[in-house]
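Reader: Hello! I would enjoy a close look at one part of this model, followed by a walk through its surroundings.

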Amino acid sequence: MARTVADQMVDTLAAAGVERIYGIVGDSLNGFTDSLRRHGGIDWLHVRHEEVAAFAAGADAHVTGRLAVCAGSCGPGNLHLINGLFDCHRSRVPVVAIAAHIPSAEIGSGYFQETHPEQLFRECSSYCELVSTPAQMPRALEIAVRRAIAERCVSVIVIPGDVALKPASEAPASKPRGLLLQHPAVTPPAEAVERLAALLNDASRVTLLCGSGCEGAHDEVVRLAGVLKAPIVHAMRGKEHIEWDNPFDVGMTGLIGFSSGYNAMEACDALLMLGTDFPYRQFYPTQARIAQVDVRAEAISRRTSVDLGLIGDVRSTLAALLPQLAAKTDGSHLGKCVADYKSARKGLDELATGKPGGQLHPQHVARVLSELATEDAIFTCDVGLPTVWAARYLAMNGKRRLLGSFWHGSMANAMAQAIGAQAAQPARQVVSLSGDGGFTMLMGDLLSLKQLKLPVKVIVFNNGSLGFIELEQKSSGFLDTGTELENPDFAAMAKAIGIHGIRIEDPAELGTKLAEALAHPGPVLIDAVVNRMELAMPPKVTTEMAKGFTLYMLKAVLNGRADEVIELARSNLLR
């Protein structure tokens with residue numbers, strides 16, 4: 001059989017170290033998937049929705065640090081990839097998407113399933129090109145691979161199905177060392193580091209705000225905090241990299257953070273941002289000098305006006321900075337912030353309990369899960385309240401990983417990401433913290449866990465509502481509308497499709513049933529029926545928010561819903 005363009009594509013992806021491709025087959029992809037079958041060195045992971053394929057590829061890239069690939073057939077098939085690819089692109093993970101296209105002779109005719117993928121994918125990728133001829137493909141795909149890896153971004157190759165079936169051009173074989181580019185260490189100029197040292201030496205109350213750019217720099221950041229007597233606040237994406245073995249940790253700030261994290265930033269006279277693009281401007285200090293270190297120039301001063309910006313990776317920058325710092329002797333700022341954190345932590349931990357026969361609280365589920373999970377577990381969490389519980393109760397240790405749609409903020413990410421994480425790391429424990437809204441949005445891919453034999457543990461926080469949206473409505477003074485979810489017994493549903501299902505309603509059963517689920521060798525769905533009336537309040541409760549809750553309660557009473565107000569108070573104020 002003559003070597004085709006599709007064969008050439010598969011050979012290039014294999015040279016780039018790709019081991020798995022996530023997607024759904026279709027006629028425009030037949031040449032590509034058949035080539036995969038004949039090649040035998042790359043697994044095709046068949047999912048039930050292309051959006052899941054993109055999320056799974058992103059999680060695969062996140063936990064391995066290597067290139068991952070997803071694919072969709074023409075028109076609606078590859079359109080379904082877009083939401084997951086937006087998440088991959090904004091999370092800065094290396095992903096190549098293969099977007100099959102309609103027959104090349106029909107492009108521009110309004111043909112069946114015709115779209116213009118090279119235009120549609122432009123916003124969620126750094127490289128997106130239509131391959132029109134066999135001679136164009138080898139270089140285009142190599143560029144896509146190199147850019148995805150080097151820039152930690154999404155690249156999209158759009159290729160008509162008939163072009164993929166044509167004879168391959170006589171291009172040389174792709175060379176792994178030409179594709180797999182290594183990231184350089186980036187150190188700011190010496191004079192910029194000197195200015196940063198002067199700013200920090202001149203300050204009396206320094207706070208560090210750390211994000212995902214601190215990956216691989218944990219020890220340097222902790223050493224810096226010790227020299228500066230500085231509390232460390234972390235953004236959500238910094239949690240897995242900086243929270244553990246850290247005596248200077250004072251938690252998160254922001255909408256899902258701790259009061260101690262907010263206070264540590266508000267009280268400082270110098271804030272040093274390390275590898276973070278924390279988006280919520282209202283949580284930045286207004287009276288402090290601010291310096292920012294990031295390897296990406298576009299992130300500097302994007303969220304708040306900075307007095308000094310340095311382009312560099314965190315580890316290299318701190319290595320150059322530390323010898324120039326004068327060790328501070330006044331630890332009062334740090335001491336107060338750590339004390340605030342201990343108080344905030346104690347308050348949060350008191351909410352993570354339950355009484356036999358009483359309500360099952362989602363905080364309690366997350367805390368017990370953290371205690372029982374393996375030391376190298378991978379957690380994924382849906383947006384909304386599952387992210388809140390993950391942020392506040394899952395303990396990181398340098399081996400565990402935590403994935404979510406933390407930048408794109410998409411529903412239904414957790415189970416989809418768990419598929420990719422488990423496929424990439426089959427020996428590790430993978431747990432999805434799913435909201436009932438997010439889980440049911442892409443619930444069809446629960447079947448993929450069984451079909452692909454992936455032992456993911458899916459915990460569904462079943463509170464019968466879109467809980468975070470409901471909280472937002474109430475805090476803005478609206479009567480909650482459109483948030484009700486009429487859910488089945490998810491555990492029984494799982495059993496009906498051949499997946500082990502466990503339903504938890506009584507807090508007394510939580511530890512035993514979670515341990516049973518985690519010990520089960522195959523996939524498990526845990527239906528955790530949790531209290532709906534949980535107030536996951538941000539650390540900074542504004543006057544507007546207080547007014548909003550008051551207005552909500554008045555409206556609820558006037559509309560005959562006083563029982564809801566009473567239950568809200570009973571569930572929170574009396575705990």
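How many bridges join strand E10 to E11, and do the two run parallel or antiparallel?

Author: Happy to take you through it, with the reminder that this is a predicted model. Strand E10 (residues 270-274) and E11 are joined by 5 bridges, and the two strands run parallel. To find your place along this pairing, look at Ala270, whose bridge partner in E11 is Arg289. On to the next neighbour: strand E12 (residues 308-311) is joined to E11 by 4 bridges, and this pair also runs parallel. Here a handy landmark is Val293, which stands opposite Leu310 in E12. E11 itself covers residues 289-294, and 5 of its 6 residues are buried, so the strand is largely enclosed by the rest of the structure. As background, side chains in a regular strand alternate between the two faces of the sheet.

A helix makes a good companion piece. H7 covers residues 137-151, and because each residue should add 1.5 Å, its 15 residues should span 21 Å; the C-alpha atoms at its ends are 21 Å apart, in agreement with that. Its buried residues are Met137, Pro138, Ala140, Leu141, Glu142, Ala144, Val145, Ala148 and Ile149. These pack against several elements: the helices H1 (5-15) and H9 (176-179), together with the strands E4 (95-101), E5 (127-130) and E6 (154-160). After H7 comes Arg152, which has a positive phi, near 50 degrees.

Since you work with computed models, the empty space may interest you too. Rolling a probe the size of a water molecule over the atoms shows where such space is left. The structure holds 4 cavities of 30 Å³ or more. The largest has about 140 Å³ of space. Its lining consists of 16 residues, and His62, Ser91, Arg237, Leu403 and Gly404 lie nearest the centre. Helices H3 (50-64), H5 (82-91) and H12 (239-242) and strand E14 (401-404) each give two or more residues to that lining. By character, the lining of the largest cavity divides into 7 nonpolar, 5 polar and 4 charged residues.

The second largest cavity has about 70 Å³ of space. Of its 10 lining residues, Gly467, Glu470, Lys474, Arg532 and Glu534 are the closest to its centre. Helix H21 (residues 467-475) provides the largest share of this lining, with 4 residues. Sorted by character, the lining of the second largest cavity holds 5 nonpolar, 1 polar and 4 charged residues.

Notes. Residues numbered from 1 in each chain as written. Predicted model: local features only at pLDDT ≥ 70, side-chain atom pairs only at ≥ 80, totals over all residues. Heavy atoms only, no water. Expected span 1.5 Å × (residues − 1). Buried < 20%, exposed > 50% of the residue type's maximum accessible area, 1.4 Å probe, protein only. Contact = heavy atoms within 4.5 Å. Pairing = 2+ DSSP bridges. 1 Å grid on protein atoms, 1.4 Å probe; cavity = no way out; pocket = protein on both sides within 12 Å on 5 of 7 lines; lining within 4 Å. Points joined across faces, edges and corners; volume = space filled by probe spheres on them. Nonpolar A, V, L, I, M, F, W, Y, C, P; charged D, E, K, R; others polar.
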